[in-house]
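Q: I have a model open and want to go through its pockets and its sheet. Can we start with the pockets?

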Amino acid sequence: MLQSAKLVAFSATTNAARAKAFYQGVLGLRLVSEDGFALVFDAHGTMLRVSAVKHVVTAPYTVLGWEVSDIVATVRGLAAAGVRFERFPGMPQDELGIWSAPDGGRVAWFKDPDGNLLSVSQH
């Protein structure tokens, strides 16, 4: 039923200015609109609504991810922009924080200013 509908992604923030600086300034997403309810970004054709909330309840798993063509270059670029990559016990990650999955995919995780877990991956 929804196979031809466009996906809208959601995240949350308690501080719209800080989220705007991160998603627009650090990640490079184009800001489409902002009001008292949400910041709306264009994430390569997918709408990302970062909703303004009083309290963010962070999930212990990835809530947003980007598939990239060169994970090493992407991680280095994000790190140069101030992004800190997460490390997880029991998951062997290289010096950049990239984990190699058994299927050959590679993933690195980082958090936005509200603690939402985000990722970049190469498949």
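Q: Which strands each supply at least two residues of the lining of the second largest pocket?
A: Strand E4 (46–52) and E5 do. This is a predicted model, where local features need pLDDT of at least 70, side-chain atom pairs count only at pLDDT 80 or more, and totals for chains, interfaces and linings use all residues. Residues are numbered from 1 along each chain as its sequence is written, and side-chain values use heavy atoms, leaving out hydrogens and water.

Q: What counts as a pocket, a lining residue and a strand here?
A: On a 1 Å grid over the protein atoms alone, a pocket is an open set of points where a 1.4 Å probe fits, with protein on both sides within 12 Å along at least five of seven lines; lining residues have an atom within 4 Å of a point. Strands (E, at least two residues) and helices (H or I, at least four) are DSSP runs, numbered from the N terminus.

Q: Which element gives the largest share of that second lining?
A: E5, with three residues.

Q: And the largest pocket, which elements give two or more residues to its lining?
A: Strand E5 (64–67) and helix H2 (71–80). The lining includes Trp66, Glu67, Thr74 and Leu78.

Q: Switching to the sheet: what is the strand order?
A: E5-E8-E7-E6, an open sheet with mixed pairing; two strands pair if DSSP finds at least two bridges between them.

Q: Which strands stand at the edges?
A: E5 and strand E6 (99–100); each has a single partner strand, so one side of each has no neighbour in the sheet.

Q: How does E6 join E7?
A: Through two bridges, running antiparallel to E7 (residues 106–111). Tryptophan 99 is opposite valine 107 in E7.
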